[in-house]
Amino acid sequence: QVQLVESGGGLVQTGGSLRLSCAASGSIYTINVMGWYRQAPGKQRELVAVFVSGGITNYSDSVKGRFTISRDNAKNTVNLQMNGLKPEDTAVYYCHAQILTGRFDSGSNYWGQGTQVTVSS
């Protein structure tokens, strides 16, 4: 069984910073993709930033230059440093990972429970 546990959300004023962390645990053979999505009230879940195969990072245009994703492969963790926060960044942030639990496993998608980020104006 695989679990993703997030931490680091909270309330911050416009222009402030927060750091989100996500740790994967359980029966992990390898992690192909790991990153962050967010969902604001009344909106669809959207990509924020993600590590894909080969260590390549993808960012949403709305966060480029403000958010930085980092990963520790040895610890199966991914972090999201969020600077210059805006009210429109307010959302529940979800950690996502595509994880193989064995050598011949095709991989499954896992999600964390979500952490609330609120940016006040």
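Select D89 and R66 in this predicted model. Their side chains meet in a salt bridge, with 2.7 Å from N to O. D89 sits in the loop between β8 and β9, and R66 in the loop between β6 (57-59) and β7, so the salt bridge ties together parts that are 23 residues apart in sequence. R66 has a relative accessible area of 14% and is buried. D89 counts as buried too, because its relative accessibility is 0%.

Keep D89 selected and add R38. The side chains of D89 and R38 also form a salt bridge, at 2.9 Å from N to O. R38 belongs to strand β4 (residues 30-39), and the pair is 51 residues apart. Is R38 buried or exposed? R38 counts as buried, at 6% relative accessibility. Now add E46: R38, E46, R66 and D89 are linked in a network of salt bridges.

The whole structure holds four salt bridges. One of them lies between the side chains of D61 and K64, at 3.1 Å from N to O. Select D61 and look at its surroundings: D61 is exposed, with a relative accessible area of 62%.

Next, select C22 and C95. A disulfide joins the two, with 2.1 Å from S to S, and the structure holds one disulfide. Such a link is a covalent bond between the sulfur atoms of two cysteines. C22 is in strand β3 (residues 18-26) and C95 in strand β9 (residues 91-100), so the pair ties together parts that are 73 residues apart in sequence. The torsion about the S-S bond is about -80°, so the disulfide is left-handed. Both ends are buried: C22 has 1% relative accessibility, and C95 has 0%.

From C22, move to N79, which has C22 among its contacts. N79 is in strand β8 (residues 77-82). The side chain of N79 makes a polar contact of 2.8 Å with that of S21. Other residues in contact with N79 include W36, T68 and I69. At 13% relative accessibility, N79 counts as buried because the cut-off is under 20%.

Finally, show the strands as ribbons. Which order do the strands of the open sheet of four follow? The order is β1-β3-β8-β7, with antiparallel pairing. β1 (2-7) and β7 (67-72) stand at the edges with a single partner strand each, so one side of each has no neighbour in the sheet. From one strand to the next, the twist averages 15°. Zoom in on β7 and β8: six bridges join these antiparallel strands. To find one bridge pair, select D72 and its partner T77 in β8.

Conventions. Residues numbered from 1 in each chain as written. Predicted model: local features only at pLDDT ≥ 70, side-chain atom pairs only at ≥ 80, totals over all residues. Heavy atoms only, no water. Helix = DSSP H or I, 4+ residues; strand = E, 2+ residues; numbered from the N terminus. Buried < 20%, exposed > 50% of the residue type's maximum accessible area, 1.4 Å probe, protein only. Polar contact = N/O pair within 3.5 Å; in protein donor to acceptor, adjacent residues only side chain to side chain. Contact = heavy atoms within 4.5 Å. Disulfide = S-S within 2.5 Å. Pairing = 2+ DSSP bridges. Axes fitted to C-alpha atoms, helices over the stretch in contact; angles between N-to-C directions. Lists of a residue's contacts leave out its neighbours within four places in sequence.
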